Number of protein chains: 2
Amino acid sequence: MILSSQFPDTSFIEAAFAEAVAAGERGEVPIGAVIVKEGQIIARSGNRTITDHDPSAHAEIAAIRQAGAILQSQRLVDCDLYVTLEPCAMCAAAISFARIRRLHFAASDPKGGGVLHGGKFYEQPTCHWKPQVNHGEGSEASAKLLQDFFRARRG
Amino acid sequence: MILSSQFPDTSFIEAAFAEAVAAGERGEVPIGAVIVKEGQIIARSGNRTITDHDPSAHAEIAAIRQAGAILQSQRLVDCDLYVTLEPCAMCAAAISFARIRRLHFAASDPKGGGVLHGGKFYEQPTCHWKPQVNHGEGSEASAKLLQDFFRARRG
């Protein structure tokens with residue numbers, strides 16, 4: 001397991017990475033996310049925008065929708081979200097609306113990110129719920145997966 | 001028809017307003033949207049976040065999903081979106097990802113908007129598709145619908 005040494009204590013980021021790999025194998029941009037409640041993964045998804053004909057079906061939102069269906073609520077109380085790439089503005093806001101407690105993302109995304117980049121949603125007065133944010137763990141593997149994917153598409 | 005005089009030439013905003021009213025009658029925040037292609041409404045929705053247990057199911061995204069399913073594509077080429085309130089950051093980004101050609105919104109939203117307020121997504125370097133934006137038409141009726149809804153909830 002190549003990931004074991006890279007993410008020694010982070011089985012959740014490892015699970016998100018597995019969703020990213022599976023998305024790439026379907027021809028989707030390889031980004032994956034899982035949602036964790038009380039130490040258990042309750043929802044997991046890779047990007048599904050092409051498969052679902054849905055531009056909002058990024059991994060984070062697909063996982064949030066799953067978790068909402070499971071918990072029968074739009075508020076994912078005490079849930080944490082792990083994702084392989086910095087959420088875009090759309091997903092950063094959806095994570096806030098879902099009341100996600102903690103957000104962990106691996107690689108940062110200067111081109112399209114909405115947490116550390118662009119409109120930095122959680123720093124705006126229009127943001128009414130800010131999750132705790134951790135990032136960086138698993139960054140190299142997640143970034144390389146995306147680089148390899150886009151390099152192969154260009155090639 | 002109270003709306004006829006307020007929106008003399010804007011049957012599309014009128015249709016979005018009807019979706020907002022229907023959403024309010026379901027107990028959802030009364031915001032509505034329609035998507036128009038070649039002069040025809042191809043998708044319409046009000047907010048569905050409570051009904052669907054889905055924090056991403058704002059009127060705009062619910063309509064975008066419908067249109068994507070109909071057109072069998074995540075790119076809604078030559079489509080225009082009409083919505084009763086300024087899109088939030090999540091919806092502004094989704095509208096961009098969907099490649100919506102023109103966005104028309106009625107009331108502006110200083111508290112939660114993401115087009116004229118907050119991170120102003122379309123003005124960010126992380127935004128790679130900016131729709132044409134019109135706003136204001138139908139603003140009073142749309143804002144009043146929301147005010148009455150929240151006043152009744154508080155009452």
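Here is a short chat about how chains A and B fit together in this predicted model.

Me: What makes Arg65(B) and Asp54(A) a salt bridge?
Reply: Their side chains come to 3.1 Å, N to O. The cut-off is an Arg or Lys nitrogen within 4 Å of an Asp or Glu carboxyl oxygen, so the pair qualifies. Between chain B and chain A the count is 2 salt bridges, and over all chains it comes to 14.

Me: What else does Arg65(B) pair with in a salt bridge?
Reply: Asp54(B), with the closest N and O atoms 3.2 Å apart. That pair links distant parts of the chain: Arg65(B) sits in helix H3 of chain B, while Asp54(B) is in the loop between strand E2 (40-46) and H3, 11 residues apart. Add the partners from the other chain and you get a network of salt bridges joining Asp54(A), Arg65(A), Asp54(B) and Arg65(B).

Me: Why is Arg65(B) called buried?
Reply: Its relative accessible area is 12%. Buried means under 20%, so the label fits. Asp54(B) gets the label too, because its value is 3%.

Me: And why is Asp52(B) called partly exposed?
Reply: Asp52(B) has a relative accessible area of 33%. Buried is under 20% and exposed is over 50%, so a value in between counts as partly exposed. Its salt-bridge partner at 3.0 Å is Arg48(B), which is partly exposed as well, at 26%.

Me: How do you know that chain B and chain A are related by a two-fold axis?
Reply: Turn chain B by 180°, with 0.0 Å of shift along the axis, and it superposes on chain A with an RMSD of 0.0 Å. That is the relation of a two-fold axis. The same surface serves both copies, too: 100% of the contact residues of chain B recur in chain A.

Me: How many residues are in contact between the two chains?
Reply: 34 residues of chain B touch 34 residues of chain A. The area buried between them is about 2,500 Å², with carbon and sulfur atoms giving 65% of it. On the chain B side, His53(B), Pro55(B) and Gln74(B) lose the most area, together 26% of what that side buries.

Me: What makes Leu116(B) partly exposed?
Reply: Its relative accessibility is 33%, which is neither under 20% nor over 50%, so it lands in between. Leu116(B) lies in the loop between strand E4 (102-107) and strand E5 (132-135) of chain B, and among the residues it touches are Glu86(B) and Phe105(B).

Note on methods
Residues are numbered from 1 along each chain as its sequence is written. Chains are lettered from A and ligands numbered from 1 in the order in which they are written. This is a predicted model: local features need pLDDT of at least 70, side-chain atom pairs count only at pLDDT 80 or more; totals for chains, interfaces and linings use all residues. Side-chain values use heavy atoms; hydrogens and water are left out. Contact means heavy atoms within 4.5 Å. Buried area is the accessible area (1.4 Å probe) that two parts lose on being put together, summed over both. Copies are superposed by least squares on the C-alpha atoms of residues with pLDDT of at least 70 in both. Helices (H or I, at least four residues) and strands (E, at least two) are DSSP runs, numbered from the N terminus. Buried means under 20% relative accessible area, exposed over 50%, partly exposed in between (1.4 Å probe, protein chains only). Lists of a residue's contacts leave out its neighbours within four places in sequence.
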